[in-house]
Amino acid sequence: MAKAAEQSPDSGNVYTLASVREDLVRQEDTIIYGLIERAKFPSNPHTYDEEYAQIQGFCGSLVEFVVKNTEAIQAKAGRYKNPEENAFFPENLPPSIVPSYSFKQFLHPGAASININKSIWKMYFQELLPLVATSGDDGNYAQTAANDLSLLQAISRRIHYGKFVAEVKFRDAPQDYEPLIRAKDKEGLMKLLTFTSVEETVRKRVGKKAAVFGQEVSLDNEDDDEENHKFDPSVASSLYKNWVIPFTKEVQVEYLLRRLD
């Protein structure tokens, strides 16, 4: 049985249940601000129209062009050396050309094969984006694509962080997980990972943060207008309830199924 390497006490990459929870809470902020930034622009459908882009030497939409080329540059700069990062188009990414930090191996090696960004991509453009952006076209296609990428990366990082959550939980109680893993019991693992009250707390916290962060602030009134927001706060709550939490648990299950390989 292969075991993930234990980290040294002086490592800067120590993961504990408390530290991963803290990081997950901080990632909520990043995602909410990403939603606010994307909501500044209307839907701008030409950003996603392959026929409109007509980029010489490239087959695809403008957003695909921006994402693929940005990921290639970031790969050269070493972004994907960090096990917390997962590319949307990992095929044929160039190698890093700069000295990279030596990340300690905390995860089981099987973690590298888990990437559900195709599902995240589909969800984002087909289901989430229509909830965030109002219908319209202001011509800011490059800026729109850049905001899409930032938000996509934040959501992807949050979801794939489930690998670290799963590893911490496994190390904390291997006796609970090993029988289910050996039996390939996906349903049993999902039940073991599900805490409805915790999920409801996360959803409510995200909704409250979105209402606060997205509130329009005016110095002309003593009380800020709580009804006027940069985007609908319920979208953030729905994002977590319908996609972030379920996708994260999917990643955790897939990781655990590989944990004893």
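Student: Which residues in helix 4 meet which residues in helix 5?

Tutor: Contact means heavy atoms within 4.5 Å. Helices are DSSP runs (H or I, at least four residues), numbered from the N terminus. Here Asn117, Ile120, Trp121, Met123, Tyr124, Phe125, Leu128 and Leu129 in helix 4 meet Asp148, Leu151, Leu152, Ile155, Ser156, Ile159 and His160 in helix 5. Helix 4 covers residues 117-132, and helix 5 covers residues 141-160. This is a predicted model, in which local features need pLDDT of at least 70 and side-chain atom pairs count only at pLDDT 80 or more, while totals for chains, interfaces and linings use all residues. Residues are numbered from 1 along each chain as its sequence is written, and side-chain values use heavy atoms, with hydrogens and water left out.

Student: At what angle do the axes of helix 4 and helix 5 cross?

Tutor: Two packed helices are described by the angle between their axes and the distance between the axes. Axes are lines fitted to C-alpha atoms, for helices over the stretch in contact, and angles run from 0 to 180 degrees between N-to-C directions. The axes of helix 4 and helix 5 cross at roughly 125 degrees and come within 11 Å. That makes helix 4 oblique to helix 5 (under 35 degrees is roughly parallel, over 145 roughly antiparallel, 65 to 115 roughly perpendicular, and the rest oblique). The crossing of these two helices is right-handed (the near helix is turned clockwise from the far one by less than a right angle; anticlockwise would be left-handed).

Student: Is aspartate 148 buried or exposed?

Tutor: Buried means under 20% relative accessible area, exposed over 50%, and partly exposed in between (1.4 Å probe, protein chains only). Aspartate 148, found in helix 5, counts as buried because its relative accessibility is 0%. Its side chain makes a polar contact with the side chain of tyrosine 124 at 2.5 Å (a pair of N or O atoms within 3.5 Å; within protein, one must be able to donate a hydrogen and the other to accept it, and residues adjacent in sequence count only if both atoms are side-chain atoms). Leaving aside neighbours within four places in sequence, aspartate 148 is in contact with Arg38, Tyr48, Val63, Tyr124, Phe125 and Leu129.

Student: Where does asparagine 82 lie, and what does its side chain reach?

Tutor: Asparagine 82 lies in the loop between helix 3 (62-76) and helix 4. It is buried, with a relative accessible area of 18%. Its side chain reaches the backbone nitrogen of glutamate 84 at 2.9 Å.

Student: Which residues of helix 8 are buried?

Tutor: An α-helix has 3.6 residues a turn, so residues three or four places apart point the same way. In helix 8 (residues 186-193), Gly188, Leu189 and Leu193 are the buried residues. They lie on the same side of helix 8 because they cover an arc of only 130 degrees around the axis, taken from the directions from the helix axis to the C-beta atoms. The face turned away from that side carries the exposed residues Glu187 and Lys191. The cover over the buried residues includes helix 6 (162-172), helix 7 (174-182) and helix 10 (233-258).

Student: What caps the N-terminal end of helix 8?

Tutor: Aspartate 185 does, with a side-chain oxygen 3.4 Å from the backbone nitrogen of glutamate 187.

Student: How does helix 8 pack against helix 10?

Tutor: Their axes are 10 Å apart, at an angle of about 125 degrees. Helix 8 is therefore oblique to helix 10. From helix 8, Lys186, Leu189, Met190 and Leu193 make the contact; from helix 10, Lys249, Glu250, Gln252, Val253, Glu254, Leu256 and Leu257 do so. Helix 8 passes helix 10 in a right-handed crossing.

Student: What does glutamate 250 touch beyond its neighbours in sequence?

Tutor: With neighbours within four places set aside, glutamate 250 is in contact with Ile116 and Met190. Glutamate 250 counts as partly exposed, at 32% relative accessibility. It is 57 residues from leucine 193 in sequence, and the two are 10.0 Å apart in space, C-alpha to C-alpha.

Student: Which contacts does isoleucine 181 make?

Tutor: Isoleucine 181 is found in helix 7 and is buried, with a relative accessible area of 2%. Leaving aside neighbours within four places in sequence, it is in contact with Phe170, Leu189, Leu256, Leu257, Arg259 and Leu260.
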